[in-house]
Every structure is written in C-alpha cells, then in structure tokens.
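Let's take a walk through this model together, beginning with its aromatic rings and ending with one of its sheets.

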Amino acid sequence: KKKTSSSKKMIPLLFLLFQVPVPTFINALTQTRSEWRSLPHIDKERRDILLTGGVSIASTVLGPKTASATTTATTTTTTTTTNNNNDDNNNKSMKQEDATTISPSPPSITGVGETGSSNKSQPYRSISSIESNIAIPVWPTWGGGKVVPVSLGGKMQDPFLLLAHHDHWFDPKDPLREPFKGFGKITGLPYIDVEGFSLHPHRGFDILTYILDGSDGFKHKDSTMATKDTSKVYRGGCAQWMRTGSGVLHEEFWETRDDRRTNIELFQLWINLPAKQKFDTPAIKYIGKETDFPWEEQNIYDPTAIGNNSNRIVVGKVRNIGATLNKAIQESGGVIKERTSLQILHATLNPGARWIVPDAKNGKSSAVLYVRKGVASFDDDSNSVAATYSSAQTVDEVQVTTTAKAHQSVTFAPDKSELIAISNCQKDKVLDILLLIDEPLNEPVAQSGPIVMNTPYELNDAYRQLSDGTFLDRDRVLHQQARTSKFQRQQVL
C-alpha cells in the first residue's frame with residue numbers, strides 16, 4: 001500500500017477549517033495564481049547574493065535553465081488590469097446592515113483637527129459604490145488568520161491599485177503550522193509555504209506597508225541598496241514606503257518567535273505612478289513610531305464647542321499618514337519626487353461621532369474608504385449609491401443603504417462638493433476606518449501581478465529583463481524603455 005503524506009492527509013481537514021465556501025476559496029486560488037507571475041524558486045544562498053547587490057539574475061542567481069523557462073513564459077504575457085472586475089463588482093448586491101443606529105442628528109465633527117464646516121446644508125460627495133470584500137483565510141486559517149484584498153484601479157479609484165488588510169498570528173506550539181506550509185507547496189498558492197512573501201519583483205508604483213499599533217513585526221529585505229535599512233524588521237506603529245520605480249526585488253516575512261506567539265496586523269497599499277515617474281530611482285523611507293518622522297496626529301473635535309478651548313470635546317483621532325510621508329520625502333532634498341495631493345488618513349470615531357473631511361481638489365480627487373471595524377454611515381445627498389437587493393421583487397421595493405460595515409469599501413463619486421461626511425452610526429462601538437484621497441492620473445494601466453506599467457510592451461520588457469538578468473541594471477532598463485517608447489510612437493503613427 002502506498003503511504004499518504006501527512007500534508008495530503010491534512011488537505012480535507014484544512015478545507016473544513018476554512019470559514020469561506022470551498023468554491024470561493026478555489027476561485028480565489030485560481031485568480032491569485034493566474035494574476036501573479038512570481039520568480040522561480042531561489043535557494044537561500046543565491047537569494048542572499050541577490051539581496052546584497054547582485055544584478056545578474058539569470059546567469060548568477062537563477063541559472064541558465066530557469067532563465068530559459070522564464071523567457072518562454074514571457075512570450076505568453078497576459079495583461080491584467082485592476083479595472084477588469086470593477087464593473088462586475090459595482091453590480092454586486094449588498095446586504096443591508098442591521099446595526100443599531102443613533103438619533104438622526106449626531107454631533108458634527110469637522111475635518112482633520114478643526115478645519116471644515118459643520119453646516120448640514122453643505123452638499124457632500126455622493127457615493128458611487130459600496131463593495132463587500134471577501135476575507136480569505138490564511139496564516140493560520142484555524143485561528144482566524146485572514147487577508148482581505150480590496151481590488152481597486154477603477155476610474156473613480158485611480159491612482160489606487162490595491163489595498164490588502166492582513167491579520168495573522170503564529171504560535172510556536174501550533175501543530176498545524178508545518179502541515180499548512182505543506183499545503184501551500186502542494187497547491188502552489190504563492191508564499192503560504194514560507195509564512196510570508198519570498199523574493200519577488202516590483203516596478204512602476206509606490207507601496208505603503210503600514211503596521212498597526214500593538215502588532216509584532218514584518219521582516220523586510222530588498223535589492224535597492226538605497227539606504228542602510230535594506231534589511232529591517234519594523235513593528236507596530238511604523239510604516240514602510242517604497243518607490244519601486246525602475247525595479248526592486250524584495251522579500252517580506254511575518255515575524256515569528258520560538259518563545260511566544262506573535263500577532264501581526266497591517267495594511268498594504270499599492271499606488272500607481274504616472275508614466276513620467278515609472279522609472280524613478282527606487283527608494284525606501286520608514287515613517288511613524290521609532291523613526292525620524294513621527295506621525296502627524298490630531299484630535300477630531302465636536303465643532304459645537306469650538307471657540308471655548310476649555311469645553312472642546314474630543315470625539316475621535318486621525319493619523320495623517322500621507323502628510324507624514326510627504327514630510328519625509330521633502331527632507332530627501334529633492335532626490336525623491338513627492339505626491340503632494342496624497343491623503344492617507346487612519347481615523348477612529350467615537351460612538352455617534354461625525355467627521356467632515358475636506359477635499360482640496362474641489363471634489364475631483366479619487367476617494368476610497370475602507371472599514372476596519374464598526375459601521376460607518378454617510379451623508380449622500382444624491383442618493384446615487386448602489387441599491388441593496390434583498391427579497392425585493394420590484395424596483396419599488398428596493399431599499400437603498402448608505403452604511404458600510406467591517407471589510408467593506410466605499411468609493412466616492414467625483415462631483416462639485418469639497419466635503420466627505422462620515423458618521424459612526426453605532427451607540428457602543430468605535431468606528432475604525434482608512435480613508436484614501438488622491439488626484440487621478442487618467443493614464444492607461446497595464447498590470448501583470450507585481451509589475452504595473454502603461455502598456456503591454458512595457459510589461460514584456462520587465463519580464464524579459466527578469467529572465468535575462470538586467471531587471472536591476474537601471475541604465476540598461478532606461479535604454480530599453482527609450483527604445484520601447486519610440487516603437488510605441490511609431491505604432492500610433
């Protein structure tokens with residue numbers, strides 16, 4: 001009789017432990033594998049050579065056979081844009097939130113600090129869509145570990161490409177850790193087998209990895225050699241910003257310990273770069289706790305008490321990640337080009353609180369909100385939010401909701417209003433949200449996994465350079481881009 005490996009025996013049990021339907025998991029698995037062209041496996045010795053400044057991937061790191069296989073793969077490039085599923089997502093039905101609501105007139109909260117207006121007659125930005133995002137069980141699924149991927153990239157979400165909300169823990173006494181790694185190897189699901197993300201490339205966009213307060217760390221190593229912090233563990237209250245620019249190879253692993261359980265919760269945000277900055281020099285900055293750039297944080301006040309400092313009531317707090325980041329970039333001496341219109345706001349609102357957020361671009365910026373905890377409600381003057389279909393059989397029976405609960409994302413429509421109104425509609429729970437605002441690029445997006453460019457030609461260039469060992473050779477990359485740009489202009493003519 002043939003012996004069945006312990007990893008294979010665990011597969012049925014693992015499926016039973018998943019907290020999502022098996023078809024949903026299989027669909028997520030298939031989509032992940034089809035959209036992610038990862039590097040072939042690289043052993044530790046060769047990976048260490050690469051991450052200490054090695055440039056030739058094909059000849060000195062991957063070897064000739066692997067390089068040849070990668071070259072073959074690039075001849076069948078499938079361009080993936082984050083717009084693909086946007087129209088379908090906008091048509092998904094939403095379940096009506098049955099949370100307990102507060103009185104119709106909760107206390108008004110002005111914008112960051114004391115700015116903004118509390119005048120209810122002021123029109124607010126309308127809502128384009130409210131999306132429910134699947135929490136995919138990972139690291140460890142049996143203990144509630146999950147990642148919530150929020151696919152962005154639509155016209156009203158430009159330049160935001162992806163938001164991933166990770167929440168994991170690792171226990172040295174957990175008997176299922178090793179079988180789970182084996183499951184990752186058998187299925188080919190990227191990076192489950194290593195409890196993190198092994199060496200992979202990026203090009204053409206910015207990445208913000210924000211570790212939430214109280215979390216253990218994220219172990220990072222990269223090929224930029226731009227700072228002394230190319231190898232670093234950063235923990236709760238800290239964020240890493242990485243401009244991938246012309247090309248970066250890096251790896252990220254969850255912090256684990258032999259003496260105790262570790263808990264890690266973080267957001268990772270992908271923000272597209274304009275064509276003129278796609279080939280910027282790669283750079284990394286660390287901001288927040290225990291860095292040279294502490295968070296810019298402010299209280300959110302009840303505006304009815306403004307004017308009398310002794311009676312001001314704090315009804316929330318906001319961490320201005322975007323402002324902190326821009327300050328760090330400004331102090332780079334012009335070496336890194338900043339994103340002046342970018343706002344990344346992590347806010348908490350007390351029960352019943354209301355927050356009015358100003359948009360400096362007169363309502364023309366893209367604005368996306370993600371609910372981490374609680375239930376948010378919105379002043380939506382146009383009532384343009386997608387309808388909620390429950391048991392309704394006719395159009396007249398359709399109910400419209402303007403609330404969003406945990407793991408849901410809200411996309412605001414561009415209009416003339418300069419203000420976004422957000423309320424905590426629960427009586428006894430704090431609302432925890434992440435608000436993203438930036439000016440749209442209005443440029444074509446061509447994405448294949450971790451590479452984001454403007455055209456399929458540029459994607460093929462990137463994967464060809466990964467196979468021939470020139471991906472990190474910036475001079476050769478820029479030379480090739482000049483040739484590709486010329487070719488594309490000729491095609492248009």
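**Rings, charges and a sheet**

This is a predicted model, and it holds nine aromatic pairs. A good one to start with is F267 and Y370, whose rings meet edge-to-face. Their centres are 5.7 Å apart, with 85 degrees between the planes. That angle makes the pair edge-to-face because the term applies to planes over 60 degrees apart. The two partners come from distant parts of the chain: F267 belongs to strand 11 (residues 262–272) and Y370 to strand 17 (residues 366–373), with the two positions 103 residues apart in numbering. If you check accessibility, you will find F267 and Y370 both buried.

Other rings gather in a group. F197, F218, Y234, W254 and Y286 are linked by ring pairs into a cluster. One member of that cluster, Y286, also has a charged neighbour: K232 lies over the face of its ring, 4.9 Å from the ring centre. A similar arrangement involves W169, where R261 lies over the ring face at 3.9 Å from the centre.

Now turn to the strands. An open sheet is built from four of them, in the order 16-23-18-21, with antiparallel pairing. At its edges are strand 16 (354–358) and strand 21 (403–405), each of which pairs on one side only. Going from one strand to the next, the twist averages 25 degrees.

Inside this order, let's look at how strand 18 (residues 375–378) meets strand 23 (residues 419–424): the two run antiparallel and are joined by three bridges. Which residue of strand 23 is the bridge partner of F378? The partner is I422.

Notes
Residues are numbered from 1 along each chain as its sequence is written. This is a predicted model: local features need pLDDT of at least 70, side-chain atom pairs count only at pLDDT 80 or more; totals for chains, interfaces and linings use all residues. Side-chain values use heavy atoms; hydrogens and water are left out. Rings of Phe, Tyr and Trp (its six-membered ring) pair if their centres lie within 6.5 Å; planes under 30 degrees apart count as stacked, over 60 as edge-to-face and the rest as tilted. Helices (H or I, at least four residues) and strands (E, at least two) are DSSP runs, numbered from the N terminus. Buried means under 20% relative accessible area, exposed over 50%, partly exposed in between (1.4 Å probe, protein chains only). A charge sits over a ring if NZ of Lys or CZ of Arg is within 6 Å of the ring centre and within 35 degrees of the ring normal. Two strands pair if DSSP finds at least two bridges between them. Axes are lines fitted to C-alpha atoms, for helices over the stretch in contact, and angles run from 0 to 180 degrees between N-to-C directions.
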